[in-house]
Amino acid sequence: MPNFIYLETVDSTNNYAVNLLKTSDVENGTTIITKKQSSGKGQRGNLWESEDDRNLILSLILFPQLKIKDAFYLTIASSLAVHKTLSHHLNSVKIKWPNDVLVGTKKIAGILIENQIKRELISSSVIGIGLNVNQDYFNPELNATSMKAELHQDFNLEELLNELYTNLDFYFNLLMENNFKTLLSRYYENLFQFKTLAKFEDDSGEFTGIIQGIDETGKLIVLRNQIPTSYDLKEIKQLR
Ligand code: BTN
């Protein structure tokens, strides 16, 4: 089992993990976990809000030694692990590109990965995971949910954490074996609106298109007006 560092409260487990990497020798798999995050970070500069002591809030430190071009496989492996953990309890769990996890169209988990680069390699990676477990109420604007909101029962956070780590272990082992093909096909199997008509938004407004897949750098390829077009996270938002 990895080395867990439990904190009562912290600004962001990702920040704490990044600082730890700068200031001390850290073991592969070291995990920062907290009950309360005062300024949890989300994708696109958003805040990640989570009620105290109700959800899983953690950051896993890995030393993947991956080539920079393969960085997106960290996203794939971690989102598959979260997806598998949730699918054990819930139906209709999907991964929304790049790494949101949804139940139906509601978001139940988010992942924020921060990589450190040395000599063309990802020397270390901080994988921040926020998974909504026992929180009952969410601001309707967020279109979010939790395991409890879906199933009307409380879940034991520690048991869930164990399940998550079994799955993280499984998918990161596939990655360490360079089994990119299996990872990509499982990602597509579980991708929200893969190969179906979907709604998007970019600088020019809303449009519809069909997700064809991702390119070798993890950009989303959307068939838009019959033309396959690649987008990175800053350029497009998939609506749900
Ligand atoms: C998203 O916007 O979907 C990503 C959310 C990631 C939240 C997690 S909670 C644990 C870790 N620490 C942070 O500050 N963010 C991530």
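Gln116 is found in strand S9, which spans residues 106-118; strands (E, at least two residues) and helices (H or I, at least four) are DSSP runs numbered from the N terminus. The structure is a predicted model, in which local features need pLDDT of at least 70 and side-chain atom pairs count only at pLDDT 80 or more, while totals for chains, interfaces and linings use all residues. Residues are numbered from 1 along each chain as its sequence is written, and side-chain values use heavy atoms, with hydrogens and water left out.

The surroundings of Gln116 make a good starting point. Its side chain makes a polar contact with the side chain of Ser124 at 2.8 Å, and also reaches the backbone oxygen of Glu114 at 3.4 Å. A polar contact here is a pair of N or O atoms within 3.5 Å; within protein, one must be able to donate a hydrogen and the other to accept it, and residues adjacent in sequence count only if both atoms are side-chain atoms. Leaving aside neighbours within four places in sequence, Gln116 is in contact (heavy atoms within 4.5 Å) with Val18, Leu21, Leu121, Ile122, Ser123, Ser124, Ser125 and Val126.

Attention now turns to the ligand. It is surrounded by 20 residues, the closest being Ser12, Gln37, Lys41, Gln43 and Lys107; a residue is counted if one of its heavy atoms lies within 4 Å of the molecule. Backbone N or O atoms approach oxygen atoms of the ligand at Lys41, at 2.7 Å, and at Gln43, at 2.6 Å. From Thr13, a polar side-chain atom lies 3.0 Å from a ligand nitrogen.

On a wider view, the protein is assigned domain 1 (4-189) and domain 2 (197-238), with bounds from an automatic or database domain assignment. Their C-alpha centres lie 24 Å apart, and the contact takes 11 residues from domain 1 and 13 residues from domain 2. About 970 Å² is buried between the domains, 65% of it from carbon and sulfur atoms; this is the accessible area (1.4 Å probe) that two parts lose on being put together, summed over both. In domain 1, Arg44, Trp97 and Tyr188 lose the most area to domain 2, together 60% of what that side buries.

Four residue pairs are in polar contact between domain 1 and domain 2, with both residues at pLDDT 80 or more. On the side of domain 1 that touches domain 2, helix H2 (72-87) and helix H5 (180-189) each supply at least two residues, and H5 gives the most, with three.
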